[in-house]
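Here are some short exercises to help you find your way around a new structure. Try each task yourself before you read its solution.

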Amino acid sequence: MSLLDLHDLTVLRGDCPVVDHVRLTVIAGECVGLIGPNGAGKTTLMRGALGLERFTGRSNLAAMSAADRARAVAFLPQSRQIAWPVDVETLVALGRLPWLPRGAKLGKADRAAVDRALHWLDLDGFRHRIATQLSGGEQGRALIARALAQEAPLLMADEPVAGLDPAHQIATMRVFADLAAAGHAVLVSLHDLGLAARHCTRLVLMHMGRIVADGPPRAVLTPENLAQVFRISAWSADTPQGPVFQPMEVL
Amino acid sequence: MIAPRALALSLSAMVAALFVASLLIGPAALPVGESLAALVAGGDGPLALIMREIRLPRAVLAVLIGAALGLSGAAMQGYLRNPLAEPGLIGVSASAALGAVIALQTGVASAHVLALPVAALLGAVVAVGLILGLAGPRGSSLTLILAGVAISALAGAFTSLVLNLSPNPFAASEIVFWMMGSLADRSVLHVAIAAPFILGGGAVLLALGRGLDALTLGEDAAAAMGVSLSQLRLMLVLGVAAVVGASTAVAGAVGFVGLVVPHLLRRAVGARPSRLLWASALGGAAMVLAADIAVRLVLPERDLKLGVVMAIVGAPLFLHLIYRTRGEFP
């Protein structure tokens, strides 16, 4: 079942297409890494798909009502905003809003979802800490937990692991991969190609608003694509511990 | 953070106690038991008259206006995600004051007791029209602030112009005194004209809690969680305009409540915007009741103005709060 279905999605900034006739389908079970250099259109693609930008073409998410969409997709924006000094538990519980009838309190299922999300992001001990007083990486984890607590079939995360320490980067990507394996779908934009190669089932490479490659990590991270799109060379190998990918030089 | 129920109970008890105190304090020293009996039983005696026609409207207005200002301050801060926001920011209070000042200047105000509040409400309506025209459905929160600042400045300039052109010092001083804000000598009619707007607008604002909670995560995350930002903004502007316009119309400009009360209670509600709404409504009611009692106790013979006392108490309190919570905001 396709959870994300984009057809000829185009987002214009003035006359310039920032996202240019993108066709993309993500089905349940996939953990899709969205990669590409700065300004390739990754963020705009996600915002357009959600209907947060004016676009032409078709997006199954933007076609939904706001309430249905909030239950179909959880979106983690790139900018980490926590406006008020709420505690981490309250922050994560905001992810349950789309499931709560107006004026209702968190039920048993909601609390369980919040607990799971806190545990996945290694935040059990942070439950009662004030979110705005945490470090940047810890705030990032709390916000990822918020998106996970939403428990929507599709998770769209815009550079979620930027600024996290290595252990939590790996742990977060594993959570995403596990979610996908459990029947959800994840679309995650990344700059760390090593993490993308190791943890994603599929990579989508964007360049100047277009999708230039789409497939298993090995088929996308070819020397030609890396040279043309990222202007880098890289070393990669299949090891007993899984694929290893290391960017080497600027071309 | 205090448990929501305990907080609601203690704030309500405070409002109730101050409400009764407000009924019992005034220039005429009346016996407590008899005045409360007269309030309930009514009758034609002077006691019942004072209680029902003078003190009850004053106390009810203090509750309504305090709740209106506290609630709208919390809603504005929640929407703009800025602890410096206050209800006057969208220009409605300045425009309502301009309407009232014009009514005073032209003499319409002395023709009928309701002429001034109605003129003030008209001023508020003009401001809402302007702000929705400028920061309409596709405007951002920044457009809203900028439009509000511009409208406030324009209304302030016209108010100054009216003062500038006032024919004699008495007219000018009448205007200046009105602008200081007061609840003295308000009648049941004032309650009747303000209550529908404050109750209606208050209901609209209280319903915004969910959207304001989601906005804690930023506009994109809130929109993706099903919050319609344009609808939220429209409801906010209409709600704030109704409660603030009506408050200014009957009491003049009473500042600082909308700014200080949400600050004072933010920790107690665990900083959740939705809980801050009703807590600030109760807290605002308590604060205005207390200030209006202070006005009558401190200098009873000099007609001390509510707005003046509020600013004198509010500003240092605000400074103290800023000092205490410096570290909490990024």
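A cavity is a set of grid points where a 1.4 Å probe fits but cannot get out, and its volume is the space filled by probe spheres set on those points. Keep in mind that you're looking at a predicted model.

**Exercise 1. Find out how big the largest cavity is and which residues surround it.**

Start with the count: there are 2 cavities of 30 Å³ or more. The largest cavity has a volume of about 90 Å³. Next, look at its walls: 15 residues line it, and A:Leu76, A:Pro77, A:Ser79, A:Arg80 and A:Leu143 sit closest to the centre. Helix 5 of chain A (residues 136-149) is the top contributor, giving 4 residues to this lining. Finally, sort the lining by class, and you get 7 nonpolar, 4 polar and 4 charged residues.

**Exercise 2. Describe the largest pocket and say which helix gives the most to its lining.**

Volume comes first: about 870 Å³ for the largest pocket. Its lining is made up of 29 residues, and those nearest the centre are A:Ala104, B:Asp213, B:Arg272, B:Ser274 and B:Arg275. Now go through the elements that give two or more residues: helix 3 (88-93) of chain A, plus helix 10 (209-215) and helix 14 (273-298) of chain B. Helix 14 of chain B gives the most, with 4 residues. By class, the pocket lining splits into 14 nonpolar, 5 polar and 10 charged residues.

**Exercise 3. Work out how the rings of B:Phe256 and B:Phe318 are arranged, and where the two residues lie.**

What do you need for a pair like this? A pair of aromatic rings is described by the distance of the centres and the angle of the planes. Over all chains, the count is 1 aromatic pair. The ring centres of B:Phe256 and B:Phe318 are 6.4 Å apart and the planes stand at 70°, so this pair is edge-to-face. As for location, B:Phe256 is in the loop between helix 12 (229-251) and helix 13 (257-266) of chain B, while B:Phe318 is in helix 15 (residues 306-324) of chain B, so the pair ties together parts 62 residues apart in sequence. One last check is burial: B:Phe256 is partly exposed at 26% relative accessibility, whereas B:Phe318 is buried at 9%.

**Exercise 4. Explain why A:Cys31 and A:Cys200 don't form a disulfide.**

The cut-off to use is 2.5 Å between the sulfur atoms. The closest cysteine sulfur to that of A:Cys31 belongs to A:Cys200, and it is 4.3 Å away, so that's too far for a bond. The total fits: 0 disulfides over all chains. Both cysteines are tucked away from the surface by the numbers: A:Cys31 is buried with a relative accessible area of 1%, and A:Cys200 is buried with 7%.

**Exercise 5. Look at phi in A:Glu159 and B:Ala271, and say where each residue sits.**

Most residues other than glycine have a negative phi. A:Glu159 has a positive phi of about 50° although it isn't a glycine. You'll find A:Glu159 in the loop between strand 6 (154-158) and helix 6 (166-181) of chain A, and it's buried, with a relative accessible area of 15%. B:Ala271 has a positive phi too, near 65°. B:Ala271 belongs to the loop between helix 13 and helix 14 of chain B and is buried as well, at 3%.

Terms used:
Residues numbered from 1 in each chain as written. Chains lettered and ligands numbered in written order. Predicted model: local features only at pLDDT ≥ 70, side-chain atom pairs only at ≥ 80, totals over all residues. Heavy atoms only, no water. Phe/Tyr/Trp six-rings, centres within 6.5 Å; stacked < 30°, edge-to-face > 60°. Buried < 20%, exposed > 50% of the residue type's maximum accessible area, 1.4 Å probe, protein only. 1 Å grid on protein atoms, 1.4 Å probe; cavity = no way out; pocket = protein on both sides within 12 Å on 5 of 7 lines; lining within 4 Å. Nonpolar A, V, L, I, M, F, W, Y, C, P; charged D, E, K, R; others polar.
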